[in-house]
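Reader: I'm new to protein models, and I'd like a close look at one part. Which residues line the second largest pocket and lie nearest its centre? Please also show me how the surroundings fit together.

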Amino acid sequence: QVIKCKAAVLWEANKPFSIEEVEVAPPKEHEVRIKIMATGICRSDDHVVTGALVMPFPIILGHEAAGVVESVGQKVTSIKPGDKVIPLFTPQCGECKSCLNTKGNLCSKTDLGTSAGLMPDGTTRFTCKGKAIHHFLGTSTFTEYTVVHEFAVAKIDSAAPLEKVCLIGCGFSTGYGAALQTAKVEPGSTCAVFGLGGVGLSVVMGCKVAGASRIIAVDINKDKFAKAKELGATDCINPRDLKKPIQEALMEMTGGGVDYSFEVIGRTDTMIAALASCHHNYGVGVIVGVPPAAQNVTFDPMLLFTGRSWKGSVFGGWKSKDSVPKLVADYMKKKFVLDPLITHTLPWTKINEGFDLLRTGK
């Protein structure tokens with residue numbers, strides 16, 4: 001059956017979300033329809049609003065969520081109605097080169113980079129006012145019901161609190177994994193984290209769990225520093241308080257640069273600054289923030305020639321279907337906390353207020 005429900009539709013860029021009645025088609029073969037119980041707001045959603053991440057309109061955004069399976073299409077064997085699940089914007093088909101390689105996690109079935117805004121079969125499951133509405137990253141969670149492909153959903157512990165573990169669908173896993181999976185931070189190492197939003201704070205947590213001896217948190221919003229320290233940051237720096245470039249300050253503080261730096265903002269200038277903050281010979285810079293569209297990076301290749309490494313990290317390097325249930329289990333065993341990452345809880349119809357809080361750094 002088609003389900004009629006409410007969704008936050010973005011009709012065009014730089015406009016507020018519009019709460020509309022939408023029709024959600026039943027799941028086709030190998031698809032799953034989910035009742036969304038909780039969704040986080042991520043800066044990547046806002047990048048679509050501003051045009052920094054190019055996607056087709058109209059669209060239902062949202063990609064960090066948890067819910068309960070309402071129905072499944074034919075041939076779905078791994079999941080049944082009533083299961084608690086997390087949708088996966090980085091799917092895991094188990095068949096492509098990335099899925100088959102132990103080092104890879106960016107499944108070829110992802111919509112990241114293609115921006116088609118459609119289900120794998122090239123169609124959409126959402127209609128509003130007679131118009132087809134695009135999907136976002138194969139998840140679309142700013143709606144009461146969504147449809148995802150079977151390879152883009154993970155079944156999780158039925159006892160997990162959905163309003164917390166929804167963060168494992170993006171922000172927490174992305175940051176935590178950037179430290180543990182992508183950088184593979186070692187005990188005793190020195191780390192710098194540029195940007196202290198939810199993902200940046202999760203990087204701080206990952207560095208701490210890995211045993212980093214020094215975690216230097218960098219942000220132009222000093223209101224973020226108390227929480228960063230609570231989660232493991234040893235030093236906090238506001239680049240606006242400095243008389244010199246941040247990379248020079250970090251070089252001095254660490255006697256030649258950090259072992260690992262993480263850019264968790266999505267700006268080209270901070271990406272270069274973070275790379276330059278690493279030790280010139282064995283430092284590793286990791287790009288975690290989504291880069292802005294149509295911007296290129298220009299930098300001195302000597303930064304890399306001397307031995308530094310520059311890496312990217314999508315969804316923290318985790319193979320999603322395998323790792324998300326384990327991360328939820330780790331949360332249930334209190335191996336990490338999620339509460340400090342949740343600043344506000346709103347009814348989802350106040351989604352525009354939520355985005356205002358994000359944009360004002362609150």
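**The second largest pocket and its surroundings**

Author: Of the 13 residues that line the second largest pocket, K103, Q181, T182, K184 and G317 lie nearest its centre. (A pocket is an open set of points on a 1 Å grid over the protein atoms alone, where a 1.4 Å probe fits, with protein on both sides within 12 Å along at least five of seven lines; lining residues have an atom within 4 Å of a point.) The model is predicted, so local features need pLDDT of at least 70 and side-chain atom pairs 80 or more, while totals for chains, interfaces and linings use all residues. Numbering runs from 1 along each chain, and side-chain values use heavy atoms, without hydrogens or water.

The space in this second largest pocket comes to about 290 Å³, counted as what probe spheres set on the points fill. What kinds of residue surround that space? The lining has 8 polar residues, 4 charged ones and 1 nonpolar one. (Asp, Glu, Lys and Arg count as charged.)

Now find the two domains, whose bounds come from an automatic or database assignment. Domain 1 takes in residues 3-171 together with 317-360, whereas domain 2 covers 183-312. Each of these domains gives at least three residues to the lining of the second largest pocket. The C-alpha centres of domain 1 and domain 2 are 28 Å apart. Where the two domains touch, 11 residues of domain 1 are in contact (heavy atoms within 4.5 Å) with 13 residues of domain 2.

Two elements are worth colouring in your viewer. Helix α4, residues 171-183, and strand β15, residues 309-312, each bring at least two residues to the pocket lining. (Helices are DSSP runs of at least four residues, strands of at least two.)

Follow the chain onward from β15 and you come to a loop that leads to α10 (320-332), and F315 is found in this loop. F315 is not a glycine, yet its phi is positive, at about 50 degrees. Most residues other than glycine have a negative phi. Is F315 buried or exposed? F315 counts as buried because its relative accessibility is 3%. (Buried means under 20%, exposed over 50%.)

You can compare F315 with N14, which sits in the loop between β1 (3-9) and β2 (18-24). N14 also has a positive phi without being a glycine, near 55 degrees. N14, however, counts as exposed, because its relative accessibility is 56%.

Strand β15 also takes you to helix α8, which runs over residues 268-276. Of the 9 residues in α8, 8 are buried, so the rest of the structure largely encloses this helix. The buried ones are T268, T270, M271, I272, A273, A274, L275 and A276. They pack against β15, and also against β10 (190-194), α7 (246-254), β13 (260-263), β14 (284-287) and α9 (302-305).

To finish, look at two spots in other stretches of the chain. C128 belongs to strand β6, residues 126-128, and counts as buried because its relative accessibility is 1%. Beyond its neighbours within four places in sequence, C128 is in contact with W11, E20, E21, V22 and I133. V85 lies 43 residues from C128 along the chain, and their C-alpha atoms are 26 Å apart. The other spot is the cis peptide bond between F57 and P58, with omega about -10 degrees. P58 is in the loop that connects α1 (43-50) and β4 (65-72).

Note on methods: Buried means under 20% relative accessible area, exposed over 50%, partly exposed in between (1.4 Å probe, protein chains only).
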